[in-house]
Number of protein chains: 2
Amino acid sequence: LEAGDEGLAYELVEPLHPADIADLFELLDPRERRDLASAITDLMSSEVVSELNDYVREDMMEALPAAAVAEIAEQLETDDAVQLIEDLDDADQRAVLAEMEPEDRAAIESALSYPDESAGRLMQRELVSVPEHLTVGDLIDYLRDNEDLPTEFFEVFVVDHRNHPVGTCLLSWVLRAPRHIALADVMKREQTLIPVEMDQEEVALRFQKYALISAAVVDENGRLVGQLTVDDIVHIISEEAGEDALLMSGAGEGDINEPLRDAYSARVRWLVANLGTALVASLIIAAFGAAIEKLVALAILMPIVASIGGNAGTQTMAVTVRAIATNQLTRSNTKRMLWREFRVAFLNGVTIAVLIGLATAAIFTPMLGVVIALAMVINVVVAGLAGVMVPVAFDRLGQDPAVASSVFVTMITDSMGFFAFLGLAVAAGLAA
Amino acid sequence: LEAGDEGLAYELVEPLHPADIADLFELLDPRERRDLASAITDLMSSEVVSELNDYVREDMMEALPAAAVAEIAEQLETDDAVQLIEDLDDADQRAVLAEMEPEDRAAIESALSYPDESAGRLMQRELVSVPEHLTVGDLIDYLRDNEDLPTEFFEVFVVDHRNHPVGTCLLSWVLRAPRHIALADVMKREQTLIPVEMDQEEVALRFQKYALISAAVVDENGRLVGQLTVDDIVHIISEEAGEDALLMSGAGEGDINEPLRDAYSARVRWLVANLGTALVASLIIAAFGAAIEKLVALAILMPIVASIGGNAGTQTMAVTVRAIATNQLTRSNTKRMLWREFRVAFLNGVTIAVLIGLATAAIFTPMLGVVIALAMVINVVVAGLAGVMVPVAFDRLGQDPAVASSVFVTMITDSMGFFAFLGLAVAAGLAA
């Protein structure tokens, strides 16, 4: 395809949706991306740019002159323009902002003044707000007569003279009401307001919980400063829900477009931490070195106890992390969860213990079968409790439970697996 | 709170949003749930019921007579009513349906005829569709005059005489256009149509990718049969993105309200599978039993190689599973991903190898340091490649890569860790 024929490439790409063109860029390697971009310059609309993966966009924008980036940013809605510019480094940010119209620049600078990943960064400033005294007819006339209003919106915010939101009208309510009815009788007074400083994870939970399509964003004085629409939030809902698997494995952001050195530094950190926890387990084995020399079966079987414990701990930890992330696990039901996981772990532990105990008794000795079965029950139950308590503890300390729990849970299940098995074997006089 | 005073409980619950009342029920244990429900019967609106967690709702509905469940179901929109009824067992389903009005019953039975987790189960039948020849003014009059239409909707579907969708109008476009303009000039002809049989995961990806607020659902003949709105999809986006962490750990659905025996049977299955893979690793250790008897340091150090490999493999696997789930990894860029992960794994492997090699050389012997360093590089690189290839292989075989990859990746990293370390040690003559 990309072997020279730019005209053909253009024809093939032209009928695609901007989101599909963006996907196409992501599938190409960096050199091919630039070739394709130069072949289809006039199809590179702002929609395509706003659909691109963060890393791919950053890579492509860094290759363009500041004036070209500024031109693209001016065509975007504030939230998309902010996304584009916030990824650039400081010098490039300043260069691009300097090339923009003063009005657009001011909007973006004000958005950038809010904390990273806050509602203020995500919101659109373009919205429709009207005073309370209008009728449905007045509102429709206002919408028809004002060219500057946005074309796509889902609700009209009703505000008082201080620009504080007092109610909201879904457009379908407006369309179904006669012209003479007052907006005050159509609007709903209860609405979910989003403070401008709120973290995006919390924003995503509110949208999900209250099934919001859009919501008003207010500053610290309660004034309406922007709106959030669900199409900007679904990406965050999906990212926040999906990142737990990546965080628990220690893979960082885990985006396949992330530069190599970022992926390396995110992951190697956790491997080094894991090396530390593995050394703890090794110290425990070393303490039983004499026993292993006498009975090599211990060395053969000990990884089984540790491995099953690790798996059981990871299962419980995944459930706990998800329950914390979705606000289903709070102080009031932690004890119930712990008791529930204790029972699940006990059942699991006994099941596995019977299987491995019988197999060991048959191959080695009945006594070694009893020892490994007991060690297995102990380790799986400890794994279940650690799988709840470690993430809960991190959460109470204000840390993200997905990030660091794995290393600790693995350390506990590995160490306890080796300790319980080797310790019981020595206590039973097996290696005497 | 629940110690007797029903009046007080009522007063406290009354001002809450239905979604908050639903959360409150989820935090209580099953007996308390029934007490609270009886204290606040008239606050138990259909909104509260539709916001409840599936398991909690099922548990509460099973405690109610069929007529009461039918009454609740009739107040709900079709999609919520279907959700309520599909969880009940067959006999209860029939009893509840028998108590419903014929029209509602027919709608629910038709939804239940679509496959589980398909668009047909999720869609609302209530929607606004109009013929193409109307003007904006005609549409507004139609919306004002017809009491039967839904009150909340985000777009109007334009259909031809065979009820095939030909275009769609966002309400904001209608409100901003003068009355005399034809709908044909306001509507957008390109729209994302959802086939009624489409799986909910695919539906969620479409909503995300094309930033949809609502979408038309069509049957196999292309006729408009319902609509999906984003507020019903956000739950699925979040569930589908969040379940990978649970599936990879083998924790099944991992809902904290899941009955104990379901949680046990989902998890024990994977622990048994893990027992099988742990036995493979043990067989490898057993083959080197004589070497371990001669040099017990091998038993002390071997879990380190296996553990770091397992962690590195899990990192790569989490990244790969996420990339497959978000459609970022396809046939065309798998080779690029494999090459990228090879390089990350090599850098990670060398870093860890240097650390553990130096420590081992200092504590044991320099030769053992060289052996563990080499084994570590080999195992981390193998882990990186397996972390990509195993989930990709499952995906190509039509299996969910999140479900079974873990067991295989762990088996590969454990076995390779023990084999590379013990095999190299023997080859180096360390245990001669």
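## Strand β5(B), the two-fold axis and the cavities

In this predicted model, strand β4 (residues 194-195) of chain B runs parallel to β5(B), with 2 bridges between them. Within that pairing, Pro195(B) faces Val218(B) of β5(B). β5(B) also pairs with strand β6 (residues 224-229) of chain B, here in the antiparallel sense and over 5 bridges. Val217(B) stands opposite Gly226(B) of β6(B). The β5(B)-β6(B) hairpin has 5 residues between its strands, and Gly222(B) there adopts a positive phi near 80 degrees.

How are the side chains of β5(B) arranged, and are they buried or exposed? In a regular strand, side chains alternate between the two faces of the sheet. Ser214(B), Ala216(B) and Val218(B) point one way, Ala215(B) and Val217(B) point the other way, and all are buried. Strand β5 (residues 214-218) of chain B is therefore largely enclosed by the rest of the structure, with 5 of its 5 residues buried. Buried here means under 20% relative accessible area.

**Symmetry**

Two copies of a chain are related by a rotation about an axis and a shift along it. Here a turn of 180 degrees and a shift of 0.0 Å along the axis lay chain B on chain A, with an RMSD of 0.1 Å. That is the relation of a two-fold axis. Ala245(B) has the C-alpha nearest the axis in chain B, 2.1 Å from it. Both copies use the same surface: 100% of the contact residues of chain B recur in chain A.

**Cavities**

Rolling a probe the size of a water molecule over the atoms shows where empty space is left. The count comes to 4 cavities of 30 Å³ or more. The largest holds about 980 Å³ of space, and the second largest about 110 Å³.

The largest cavity is lined by 48 residues. Gly310(A), Thr314(A), Gly310(B), Thr314(B) and Thr410(B) lie nearest its centre. Helices from both chains supply at least two lining residues each: α15 (230-249), α16 (260-287), α18 (297-325) and α21 (401-427) of chain A, and α15, α16, α18 and α21 of chain B. Which element gives the largest share of this lining? It is α18(A), with 9 residues.

The second largest cavity also has a lining from both chains. Ser238(A) takes part, and among the chain B residues are Glu201(B), Gln208(B), Glu240(B) and Arg322(B). The elements giving two or more residues to this lining are α14 (200-209), α15 and α18 of chain B.

The table sets out the two linings by class.

| Cavity | Nonpolar | Polar | Charged |
|---|---|---|---|
| Largest cavity | 27 residues | 19 residues | 2 residues |
| Second largest cavity | 6 residues | 3 residues | 3 residues |

**Positive phi outside glycine**

Most residues other than glycine have a negative phi. Asn163(A) is not a glycine, yet its phi is positive, about 70 degrees. Asn163(A) sits in the loop between β2 (155-159) and β3 (165-170) of chain A. Asn163(A) counts as partly exposed because its relative accessibility is 27%.

Asn327(B) is not a glycine either, and has a positive phi of about 60 degrees. Where does Asn327(B) lie? Its place is the loop between α18 and α19 (334-363) of chain B. At 46% relative accessibility, Asn327(B) counts as partly exposed.

Notes:
Residues numbered from 1 in each chain as written. Chains lettered and ligands numbered in written order. Heavy atoms only, no water. Buried < 20%, exposed > 50% of the residue type's maximum accessible area, 1.4 Å probe, protein only. Helix = DSSP H or I, 4+ residues; strand = E, 2+ residues; numbered from the N terminus. Pairing = 2+ DSSP bridges. Least-squares fit on C-alpha atoms with pLDDT ≥ 70 in both. Contact = heavy atoms within 4.5 Å. 1 Å grid on protein atoms, 1.4 Å probe; cavity = no way out; pocket = protein on both sides within 12 Å on 5 of 7 lines; lining within 4 Å. Points joined across faces, edges and corners; volume = space filled by probe spheres on them. Nonpolar A, V, L, I, M, F, W, Y, C, P; charged D, E, K, R; others polar.
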